[in-house]
Amino acid sequence: MSNNIKEQLITRVLKSQYYSLQLDESTDFSNNANLLAFIRYEFDNKIQEDLLFCHSLPTRTTAEALPTRTTAEALFNSLNNFITKNEIEWSKCIGIST
């Protein structure tokens, strides 16, 4: 996402009274885990929904060489780092769906 688009989205979210998040973790064809975060917020008296970010996640491989695994802690840390870095208030979050 270009920096300009990201900045516009963050500005809209910061102006919104509340927001909610939807998270989806998936593994791509090259066995890399990704976290997609969608955000729903109010803008111009309408509910908007946008892709907030897509981040690669750290993974671990089990001893039996099963597919890579991510942890709940890695999911939370990725989300929390984005939220705090962009000064989005957790207190305005009214829902999270995974």
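Let me start with a term: a residue is partly exposed when its relative accessible area lies between the buried limit, under 20%, and the exposed limit, over 50%. Arginine 40 sits at 43% relative accessibility, so it counts as partly exposed. Keep in mind that this is a predicted model.

Stay with arginine 40. It is in strand 2, which runs over residues 33-43. Which residue does its side chain meet in a salt bridge? Glutamate 49, at 2.4 Å, N to O. How many salt bridges does the structure hold? Just 1. The side chains of arginine 40 and glutamate 49 also count as a polar contact, again at 2.4 Å.

Now the partner. Glutamate 49 has 43% relative accessibility, so glutamate 49 is partly exposed too.

What else surrounds arginine 40? Set aside neighbours within four places in sequence. Then arginine 40 is in contact with Tyr18, Tyr19 and Ser20, and with Ile47, Gln48 and Glu49. Leucine 52 is 12 residues from arginine 40 along the chain, and their C-alpha atoms are 9.3 Å apart.

Next stop, asparagine 34. It belongs to strand 2 as well. Buried or exposed? Asparagine 34 is buried, because its relative accessibility is 13% and the buried limit is under 20%. Where does its side chain reach? To the backbone oxygen of asparagine 32, at 3.4 Å.

The contacts of asparagine 34, again without neighbours within four places in sequence, come as two runs of numbers. One group is Asp24, Glu25, Ser26 and Asp28. The other is Cys54, His55, Ser56 and Leu57.

Last residue: phenylalanine 82. Its place is helix 2, residues 72-85. Why do we call it buried? Because its relative accessible area is 7%, and buried means under 20%.

What does phenylalanine 82 touch, leaving out residues up to four places away? Lys6 and Ile10, then Leu52, Phe53 and His55, and finally Ile88. Take Phe53 from that list. Phenylalanine 53 and phenylalanine 82 are 29 residues apart in sequence, yet 8.5 Å apart in space, C-alpha to C-alpha.

One link to point out on the screen. His55 is among the contacts of asparagine 34. His55 is also among the residues that phenylalanine 82 touches. Asparagine 34 lies in strand 2, and phenylalanine 82 lies in helix 2.

To recap: arginine 40 and glutamate 49 form the salt bridge. Asparagine 34 is buried at 13%. Phenylalanine 82 is buried at 7%.

Notes:
Residues are numbered from 1 along each chain as its sequence is written. This is a predicted model: local features need pLDDT of at least 70, side-chain atom pairs count only at pLDDT 80 or more; totals for chains, interfaces and linings use all residues. Side-chain values use heavy atoms; hydrogens and water are left out. A salt bridge is a side-chain nitrogen of Lys or Arg within 4 Å of a carboxyl oxygen of Asp or Glu. Buried means under 20% relative accessible area, exposed over 50%, partly exposed in between (1.4 Å probe, protein chains only). Helices (H or I, at least four residues) and strands (E, at least two) are DSSP runs, numbered from the N terminus. Contact means heavy atoms within 4.5 Å. A polar contact is a pair of N or O atoms within 3.5 Å; within protein, one must be able to donate a hydrogen and the other to accept it, and residues adjacent in sequence count only if both atoms are side-chain atoms.
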